[in-house]
Amino acid sequence: MKAISYRRYGGPEVLEYGELPEPKVGPDSVLVRVRAASVNPVDWKCQAGYLDGMLEAVFPVVPGWDVSGVVVRPGVSVTEFAEGDEVMGYVREDFLSRGTFAEYVAAPVRTLARKPRALGFEEAAALPLAGLTAYQALHRALAIRPRDTVLVHAAAGGVGSMAVQLARHLGCRVIGAARETGLERVAELGARPVGYDEATFADQVRTIAPLGVDAVLDTLGGPFLRLSAGLLAPGGRLVSIADGEVTALGGRYFWVRPDPADLTALATLADQGAVTVRVARTFPLEQAADAQRANAAGGVGGKVVVTVP
């Protein structure tokens, strides 16, 4: 099969396009014919070796955790899916090896859900990791409730834009922090936009929420995480997906996990129109290195997706 892979840690230059053996399908997995796979920052961070202390790399590594495609063969114990089913998934295992930047991926059923009917393959591939991160952080880690005031960082980005939509759907008032180029997008999503200026950030938020915010979802870390800790109302909750320092500030560091029930809930929300996905750029599989560069550069205004013909 055609695939993108890397045989050593490094930047986009280590990616190779070529032939690899089709993956074997275990009893609890299905073979998915990949139609699209989205690029996430964690992909190039893993590739650079930043997560080497957590995830073993079995080279050659096919990058990518997000996927949408069609089931071509279920494993012998699989009853959840059949040949021809359209699926999407956050296909993360506890090691790096068989990712989604390929014509086929063997995906454990615990990582999959049926593709939303309302989304095309490119949009569906952009939903799982960002959507699950936002969904689980809001529901499990922050336990947000209707009428909460929620501060979301990088609210125009992949995780942030999902979090804004989900919190709004739950009846929360949302403050969305973003760079200047993303403020219009934040307002379109229904959040109150605030810009990233260390000198004025806290005052901007206090003007909107003078009694403090009930929950903060941090996706950046650093100085704005520390500023956000000081903006919490009594009993407020602080969660970061980017900076372990959050625990010293009384908050929680959060890592997303595959969950078919949560993914199905996201698919239902997508079919209802409660959440939408913006795909900014697409690249064919053989140009995955360029897709990775575009994602790392940021500022594209939506998700970057690799397509597989």
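**Cavities, pockets and selected residues**

I began with the largest cavity and found that strand 7 gives the largest share of its lining, with 4 residues. I note at the outset that the model is predicted.

**Entry 1: enclosed cavities**

How many cavities of 30 Å³ or more does the model hold? I recorded 2 such cavities. For the largest cavity I noted a space of about 130 Å³. Its lining is made up of 17 residues, and Val-62, Gly-64, Trp-65, Leu-96 and Gly-99 lie nearest its centre. I then asked which elements give two or more residues to this lining. They are helix 1, strand 4 (56-62) and strand 7 (95-98). By class, I listed 10 nonpolar, 3 polar and 4 charged residues around the largest cavity.

I turned next to the second largest cavity, for which I noted a volume of about 110 Å³. It is lined by 16 residues, and those closest to its centre are Gly-157, Gly-158, Ser-161, Arg-278 and Lys-303. Helix 3 and helix 4 (158-169) each supply at least two residues of this lining. Of these elements, I marked helix 4 as the source of the largest share, 3 residues. The lining of the second largest cavity divides into 6 nonpolar, 7 polar and 3 charged residues.

**Entry 2: open pockets**

I looked up the largest pocket and recorded a volume of about 1,400 Å³. I found 46 lining residues, with Pro-41, Ala-154, Gly-157, Gly-158 and Thr-219 nearest the centre of the pocket. I had already met Gly-157 and Gly-158 among the residues closest to the centre of the second largest cavity. Which elements each supply at least two residues of the lining of the largest pocket? I listed helix 1, helix 3, helix 4, helix 9 (288-297) and strand 17 (303-307). Helix 1 gives the largest share, 4 residues. I sorted the lining of the largest pocket by class and obtained 27 nonpolar, 14 polar and 5 charged residues.

The second largest pocket has about 190 Å³ of space. I noted its lining as Met-1, Leu-20, Pro-21, Pro-23, Pro-60, Val-62, Ser-97, Arg-98, Gly-99, Tyr-104, Val-105 and Ala-106. Strand 4, strand 7 and strand 8 (104-108) each give two or more residues to this lining, and strand 8 gives the largest share, 3 residues. I counted 9 nonpolar, 2 polar and 1 charged residues by class in the second largest pocket. Val-62 and Gly-99, which line this pocket, are also among the residues nearest the centre of the largest cavity.

**Entry 3: helix 3**

Helix 3 supplies lining residues to the second largest cavity and to the largest pocket, and I examined its burial next. Why is helix 3 (residues 128-141) described as largely enclosed by the rest of the structure? I found 12 of its 14 residues buried, so the helix is largely enclosed. The buried residues are Pro-128, Leu-129, Ala-130, Gly-131, Leu-132, Thr-133, Ala-134, Tyr-135, Gln-136, Ala-137, Leu-138 and Ala-141. Just after helix 3, I noted that Ala-143 takes a positive phi of about 50 degrees.

**Entry 4: Asn-40**

I located Asn-40 in the loop between strand 3 (29-39) and helix 1 (41-47). Is Asn-40 buried or exposed? Its relative accessible area is 3%, under the 20% limit, so Asn-40 is buried. I looked up its contacts, leaving out residues up to four places away in sequence, and found Asp-66, Leu-129, Asn-295 and Lys-303. Among these, Leu-129 is one of the buried residues of helix 3. I recorded two polar contacts of the Asn-40 side chain: one with the side chain of Asp-66 at 2.9 Å, and one with the side chain of Lys-303 at 2.5 Å. Lys-303 is also one of the residues closest to the centre of the second largest cavity.

**Entry 5: Arg-185**

I placed Arg-185 in helix 5 (residues 183-188). Its relative accessibility is 14%, so I entered it as buried. Beyond residues up to four places away in sequence, Arg-185 touches Ala-156 and Arg-278. I noted that Arg-278 also appears among the residues closest to the centre of the second largest cavity.

Note on methods
Residues numbered from 1 in each chain as written. Predicted model: local features only at pLDDT ≥ 70, side-chain atom pairs only at ≥ 80, totals over all residues. Heavy atoms only, no water. Buried < 20%, exposed > 50% of the residue type's maximum accessible area, 1.4 Å probe, protein only. Polar contact = N/O pair within 3.5 Å; in protein donor to acceptor, adjacent residues only side chain to side chain. Contact = heavy atoms within 4.5 Å. 1 Å grid on protein atoms, 1.4 Å probe; cavity = no way out; pocket = protein on both sides within 12 Å on 5 of 7 lines; lining within 4 Å. Points joined across faces, edges and corners; volume = space filled by probe spheres on them. Nonpolar A, V, L, I, M, F, W, Y, C, P; charged D, E, K, R; others polar.
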